[in-house]
Amino acid sequence: MKHIVDKERPMPYECADCKHYLGGTSCRAFETIPLEIYCDAESHTKVVDGQHGDYVFATDKPRTTMRVYVEEDV
């Protein structure tokens, strides 16, 4: 039988969580953060063409969680 179960899941980091983020859509690496990086900040682990300096995603913030409800067999 399936039931709705309350779970906690880790939230992905966002550009705003990076120590190089300057605000809006800017950071030390980009005047305008490319959409593919803005949508997946943690993917910016290597220097990419067109960026300034050697800045990549780095954070010292703890990962937050979110509550989700999933259907599971009990």
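This passage describes the internal cavity, the aromatic pair and selected residue environments of a predicted model.

A search of the whole structure returns one cavity of 30 Å³ or more, and the volume of this largest cavity is about 110 Å³. Its lining comprises 14 residues, of which C15, C18, C27, H44 and F57 are the closest to the cavity centre. When the lining is divided by class, twelve of its residues are nonpolar and two are polar, while no charged residue takes part.

Among the residues closest to the centre of the cavity is H44, which is placed in the loop between α1 and β4. With a relative accessibility of 6%, H44 falls under the 20% limit and is therefore classed as buried. Beyond its neighbours within four places in sequence, H44 is in contact with A29, F30, I37, Q51, Y55, V56 and F57, a list that includes F57, another of the residues closest to the cavity centre.

A29, one of the contacts of H44, belongs to the loop between β3 (26–27) and α1. The relative accessibility of A29 is 1%, so this residue also counts as buried. Apart from residues within four places in sequence, A29 is in contact with H44, Q51, H52 and Y55. For Q51, the contact joins positions that are 22 residues apart along the chain, and the C-alpha atoms of A29 and Q51 are separated by 5.0 Å. Both H44 and A29 list Q51 and Y55 among their contacts.

The structure holds one aromatic pair, formed by Y13 and F57, whose ring centres lie 5.7 Å apart with an angle of 45 degrees between the planes, an arrangement classified as tilted. The pair links distant parts of the chain, since Y13 is located in the loop between β1 and β2 and F57 in the loop between α1 (35–38) and β4 (65–73), with the two positions 44 residues apart in sequence numbering. Both partners are buried: Y13 has a relative accessible area of 15%, and F57 has a relative accessibility of 18%.

F57 is also touched by D17, whose contacts, not counting residues up to four places away in sequence, are F57, A58, T59 and K61. D17 is situated in the loop between β1 (2–10) and β2 (21–23), the loop that also holds Y13. A polar atom of the D17 side chain lies 2.8 Å from the backbone nitrogen of E14.

Two strand residues, P10 and L22, are found on the exposed side of the accessibility scale. L22 is in strand β2 and has a relative accessible area of 57%, which is over the 50% limit, so the residue is classed as exposed. Leaving aside neighbours within four places in sequence, L22 is in contact with C27 and R28; of these, C27 is one of the residues closest to the centre of the cavity. P10 lies in strand β1 and likewise counts as exposed, at 54% relative accessibility. The contacts of P10, not counting residues up to four places away in sequence, are R63, T64 and T65. P10 and K46, which are 36 residues apart in sequence, have a C-alpha to C-alpha distance of 23 Å.

Key
Residues are numbered from 1 along each chain as its sequence is written. This is a predicted model: local features need pLDDT of at least 70, side-chain atom pairs count only at pLDDT 80 or more; totals for chains, interfaces and linings use all residues. Side-chain values use heavy atoms; hydrogens and water are left out. On a 1 Å grid over the protein atoms alone, a cavity is a set of points where a 1.4 Å probe fits but cannot get out, and a pocket is an open set with protein on both sides within 12 Å along at least five of seven lines; lining residues have an atom within 4 Å of a point. Grid points are joined across faces, edges and corners, and a volume is the space filled by probe spheres set on the points. Ala, Val, Leu, Ile, Met, Phe, Trp, Tyr, Cys and Pro count as nonpolar, Asp, Glu, Lys and Arg as charged, and the others, Gly among them, as polar. Helices (H or I, at least four residues) and strands (E, at least two) are DSSP runs, numbered from the N terminus. A polar contact is a pair of N or O atoms within 3.5 Å; within protein, one must be able to donate a hydrogen and the other to accept it, and residues adjacent in sequence count only if both atoms are side-chain atoms. Contact means heavy atoms within 4.5 Å. Buried means under 20% relative accessible area, exposed over 50%, partly exposed in between (1.4 Å probe, protein chains only). Rings of Phe, Tyr and Trp (its six-membered ring) pair if their centres lie within 6.5 Å; planes under 30 degrees apart count as stacked, over 60 as edge-to-face and the rest as tilted.
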